[in-house]
Amino acid sequence: MSNEKEKEIDAAEIISRGERFAERYANVVIYCVLGVIVIAFGIWAYIQYVSKPREAKASAELYRSEDRFILGEDSTVLQAKGVSEEGVLRIIKEYSSTDAANISHVYAGIAYYDLGKYEEALVELKKFSAKDQMVAPSVIRLMGDCSVELDRLDDAIKYFEKAASMANNDVVSPGCLIKAARVYEVQKNYAKATAAYQKVVDEYYNSAEVNQAKADIQRLQMLQK
């Protein structure tokens, strides 16, 4: 009987300790739960009332810059003077981290390239972020063009070959490989130039550039005789 009473006392003590622990930490648990709720609400509110309106404003301004881009007004694409200054440089500065700002890096890079400002173009193009098989490789190809203009031929080859590999399609890749081959020719590295042309023939035989690549291979063969 005494053992049973001792067990009851032990059980009561354990329950009492558990109650005291719960009382001690109940507020901490509540505060943690409330903290999670507040953070979740804060994220939702930021997306709804800050991020989305900000993205909409940036997109509207980018739309106007795109109109000027189509008209070939490169300087005003970058920065348009008027009642309020607009342009892709402002979008990049005022609406950083938005999709519109990301795309604005491309427009800025193209505009700078057309204006002959290849270093500035390269800086902007490097800031663009995407992983698709059309736009991203095309941007990297333009980075190669900038490098050619800056006489950084090794860098140019790397960009062209990276763009070709990333795209891996008949639309973008052949042109990139041919650009790489042209640079190899300037460096008098005819073996690698021929290999680049041959890759177009072997892997992108349905492309519009395949006949040009075949002709270039024959030209190099004649050149090395």
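# Exercises on a predicted all-helix model

At 2% relative accessibility, Leu-125 counts as buried, where buried means under 20% relative accessible area, exposed over 50% and partly exposed in between, with a 1.4 Å probe and protein chains only. The structure is a predicted model, in which local features need pLDDT of at least 70 and side-chain atom pairs count only at pLDDT 80 or more, while totals for chains, interfaces and linings use all residues. Residues are numbered from 1 along each chain as its sequence is written, and side-chain values use heavy atoms, with hydrogens and water left out.

## Exercise 1: the overall fold

Describe the helices and strands of the protein and how much of the protein is buried.

Solution. Begin with the elements: the protein has 10 helices and zero strands, where helices (H or I, at least four residues) and strands (E, at least two) are DSSP runs numbered from the N terminus. Reading along the sequence gives the pattern α-α-α-α-α-α-α-α-α-α. Next, turn to burial: of the 225 residues in the protein, 33% are buried. The protein exposes about 14200 Å², of which carbon and sulfur atoms supply 56%; these areas come from the Shrake-Rupley method with a 1.4 Å probe, and for residues only the protein chains shown count as cover. Finally, consider contacts, meaning heavy atoms within 4.5 Å: among those between residues at least 6 apart in sequence, 50% join residues at least 24 apart.

## Exercise 2: the buried side of helix 5

Work out which residues of helix 5 are buried, how they are arranged around the axis, and what covers them.

Solution. Helix 5 spans residues 118–126, and within it Ala-121, Leu-122, Glu-124 and Leu-125 are buried. These residues cover an arc of only 165° around the axis, so they sit on the same side of helix 5; the arc is that of the directions from the helix axis to the C-beta atoms. Their cover includes helix 3 (88–94), helix 4 (99–114) and helix 6 (135–149).

Now follow one of these residues, Leu-125, in detail. Not counting residues up to four places away in sequence, Leu-125 touches His-105, Val-106, Gly-109, Val-139, Leu-142, Met-143 and Cys-146. Leu-125 and Asn-102 are 23 residues apart along the chain, and their C-alpha atoms are separated by 9.7 Å.

Then look at the matter from helix 4, where Ala-108 is found. Ala-108 counts as buried at 0% relative accessibility, and, leaving aside its neighbours within four places in sequence, it is in contact with Leu-78, Val-88, Leu-89, Ile-92 and Glu-124. From C-alpha to C-alpha, Ala-108 and Leu-122 are 9.7 Å apart in space, with their positions 14 residues apart in sequence.

## Exercise 3: an aromatic pair and the cysteines

How many aromatic pairs and how many disulfides does the structure hold?

Solution. For the rings, the rule is that those of Phe, Tyr and Trp (its six-membered ring) pair if their centres lie within 6.5 Å, with planes under 30 degrees apart counted as stacked, over 60 as edge-to-face and the rest as tilted. By this rule there is one aromatic pair. Tyr-113 and Tyr-118 form it in an edge-to-face arrangement, 5.2 Å centre to centre and with 65° between the planes. Tyr-113 is partly exposed at a relative accessible area of 22%, and Tyr-118 is partly exposed at 21%.

For the cysteines, a disulfide is taken as a pair of cysteine sulfur atoms within 2.5 Å, and the structure holds zero of them. Cys-146 is buried with a relative accessible area of 0%, and Cys-176 also counts as buried at 0%.

## Exercise 4: positive phi in two loops

Where do Ser-97 and Asn-168 lie, and what is notable about the phi of each?

Solution. Most residues other than glycine have a negative phi. Ser-97, although not a glycine, has a positive phi of about 75°; this residue lies in the loop between helix 3 and helix 4 and is exposed, with a relative accessible area of 70%. Asn-168, likewise not a glycine, has a positive phi of about 50° and lies in the loop between helix 7 (153–167) and helix 8 (173–186).

## Exercise 5: an annotated span

Find which residues the UniProt annotation "repeat: TPR" covers, and describe that span.

Solution. In an unreviewed UniProt entry, the annotation "repeat: TPR" covers residues 137–170; positions are given in the numbering used here, feature names are shortened, and annotations may be inferred rather than shown by experiment. The span is 82% helix and 0% strand, and its end C-alpha atoms lie 13 Å apart.
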